[in-house]
Every structure is written in structure tokens, then in C-alpha cells.
Amino acid sequence: MQIDPNARIVVLTGAGISKESGLDTFRDADGIWAKVSLEDVATPEGFARDPALVQDFYNDRRRGLLDPAVRPNAAHAALARLEHEWPGEVLVVTQNIDDLHERAGGRAVLHMHGELLKSRCVRCDTVAHCRQDLSADLSCAACGRPGGLRPHVVWFGEMPLEMERIFAALAGCGLFVSVGTSGTVYPAAGFVMEARGAGVPTVELNLEPSDGASLFDRAIHGPASEIVPAFVDDLLVGNR
Ligand code: BV8
């Protein structure tokens, strides 16, 4: 695949890139939303209704992410390699709240749906690193007040993070790649249209065609740990 070697590449990732690292996706048959109701655990209304249920949901996922058996896979490593070896800028915009891109060596990573290993105080808005269970009786280290710590995660109905930076990156990029996402959650699912509108070539790398597959110029299907390294090799060799 030939693109300007100085072009910026924007890569959107979703839960599918972390599946082979042992983290559940959301909408696969065995996914998270098959086991728990989205409305109960991933909305502000659900948190207001039963904060302990929501804290337990994210405490379980945080402990799961911190399990030593959960490590970045070859797809995360390939995107980090692309970032370090591609002559132009590479920006990973991830819907994922895990830290596997960073643990694979990724540096230019934007978490538009927040991060599982961070907490946010609803009283003073301080965002802090968090590797422990959160609960109502914990106090914020910044303002000292109890009962205000929530996961630093974007729920449905809340504004995703870094949107201005993301739209600016999409407008000026030379290639848009989507990896491991079903293309069902907006505004992330609309990024391919932003890229197309700016005349940017678009590629989908996914286990199977996503809801938005027809919007992409090219599609490569298979497990991320296989198709992403091959795609990165093709980009780097093809643009030497
Ligand atoms: C907002 C919390 C606006 C963190 C999540 C139009 C425009 C704007 C908004 C909307 C709109 N239409 C509807 C909305 C509202 C809503 C929405 O999109 N609803 C959907 C259900 C229709 N969007 C929002 O509410 C967003 N907020 O727009 O605010 C606003 C404006 C003004 C003022 C205030 C607000 C907020 C969205 C974020 C919600 N939070 N999660 C967490 O708990 O993790 S979203 C949730 O779904 C996940 O976080 C994930 O990020 C996201 C997308 O899921 P995927 O990553 O795609 O995962 P999925 O399981 O679906 O797919 C996995 C794919 O991988 C599959 O295709 C599978 O085939 C593939 N795969 C599996 N294994 C592999 C693989 N691929 C490769 N290799 C493998 N091995």
C-alpha cells in the first residue's frame, strides 16, 4: 500500500485488538454486554442509581487488567513499531480503557473513552493513577473529600475525551486505519466518514466485517495479532 511516507497515520482501535491478550470484547457472543446491562454499569444514570454495582464492575475489570497473564499482543507491538519507524506522525486513538498500547511501547495514544487505571474525583475533577479498587468510602488525595471517586471512564451520554485533537488529526492525515472495533459506538464509528470526507484512504482491520465495513476503501479480516503486524510490515516495506 503506497502512501506519502511523511503522511500522518491515524489508527482507531477497539476491544478486538485486546481480545487475544485475554480481555473481553463488548458485543461478541461472549462479550461484556452479554453478561451485564450497559445501562446499569456504563451510564451516569446507572452510577447514580447503584454506585457500588458500577464500582464493582470496574474494580473487576481493573483487577483483570492487572493480572500478570494479561500482556500486550503482537498487534499492540506492531502499532508501537509503526509509531517508531514510520517517518511521519502516527496517532493511535483508542476506544479501549486498557493500557496495552502503552505497555507495548506506544507513546502517541489518545484514550477517547478514558482509562481504567485512572480515577476522577467528581468534587474537584482531579484525575489520578489508580491500581486499587474504588469505593464510596475512599477520599480524594487532592481535595481530601470522601465519596467522590469514580473510574476515569467515559460512559454513554458523556462527551468522549480529546475530540478536538482527534478531528484535527483526522482532517490532516494521509491514512485512516480502524482495528478491532464493531463500528457501533459514536462518535468513534463516525471517524471513517470524517476521513472519507477529507479524501483520506481508509482501511479496516477486523476479525470480521464491522457494521461500517462498507465505508472503508479496503478491508483485511483475521485475528489482529496476525493481520496488524502483516499490515504494518507492508506499510513500512512499501514505503522504504
Ligand atoms: C457521546 C465505557 C455526545 C468504557 C463506552 C451519534 C453521535 C453521537 C452519539 C451517539 C450517536 N448515536 C448514538 C449515540 C450515543 C452513544 C452511542 O454511540 N450509542 C450506541 C450504542 C448507538 N454514544 C455516546 O453516548 C458517546 N457519547 O456521543 O456524547 C455528547 C454530546 C453532547 C454532550 C454530551 C455528550 C459515548 C460513547 C462511549 C461509551 N463508553 N465504554 C468501558 O466500560 O469500556 S463504549 C463501549 O463500546 C466500549 O468502551 C468500546 O469502546 C465501545 C466500542 O466497542 P468496540 O471497541 O468496538 O468493541 P465491540 O465488542 O463492539 O467490537 C469488537 C470488534 O472486534 C468486533 O467487531 C469483533 O469482530 C472484533 N474482534 C474480536 N476479536 C478480534 C477482533 N478483531 C480482531 N482480532 C480479534 N482477535
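**Ligand shell and a three-stranded sheet**

Colleague: Of the 35 residues around the ligand, which come nearest?

Modeller: Keep in mind that this is a predicted model. The ligand has 35 residues around it. The ones that come nearest are Phe-26, Arg-27, Gly-157, Thr-181 and Ser-182.

Colleague: And by class, how many residues of that shell are charged?

Modeller: The shell splits into three classes, with 16 nonpolar and 12 polar residues in two of them. The charged residues number seven.

Colleague: What is the distance from a polar side-chain atom of Ser-182 to an oxygen atom of the ligand?

Modeller: N or O pairs within 3.5 Å count as polar contacts. His-113 has a side-chain N or O atom 2.9 Å from a ligand oxygen, and a polar backbone atom of Leu-207 sits 3.1 Å from a ligand nitrogen. For the Ser-182 side chain and a ligand oxygen, the value is 2.6 Å.

Colleague: How much of the ligand's accessible area does the protein cover?

Modeller: On its own, the ligand has 1500 Å² of accessible area. The share covered by the protein is 77%.

Colleague: Over to the open sheet: which strands stand at the edges, each with a single partner strand?

Modeller: The order is 5-4-6, with antiparallel pairing. Strands at the ends of that order have a single partner each, so one side of each is left without a neighbour in the sheet. Those are strand 5 (127-129) and strand 6 (149-153).

Colleague: Which residue in strand 6 stands opposite Ser-119?

Modeller: Strand 4, residues 114-121, pairs with strand 6 in the antiparallel sense over five bridges. Opposite Ser-119 stands Pro-151.

Conventions
Residues are numbered from 1 along each chain as its sequence is written. This is a predicted model: local features need pLDDT of at least 70, side-chain atom pairs count only at pLDDT 80 or more; totals for chains, interfaces and linings use all residues. Side-chain values use heavy atoms; hydrogens and water are left out. A residue is near a molecule or strand if one of its heavy atoms lies within 4 Å of it. A polar contact is a pair of N or O atoms within 3.5 Å; within protein, one must be able to donate a hydrogen and the other to accept it, and residues adjacent in sequence count only if both atoms are side-chain atoms. Accessible areas come from the Shrake-Rupley method with a 1.4 Å probe; for residues, only the protein chains shown count as cover. Ala, Val, Leu, Ile, Met, Phe, Trp, Tyr, Cys and Pro count as nonpolar, Asp, Glu, Lys and Arg as charged, and the others, Gly among them, as polar. Two strands pair if DSSP finds at least two bridges between them. Helices (H or I, at least four residues) and strands (E, at least two) are DSSP runs, numbered from the N terminus.
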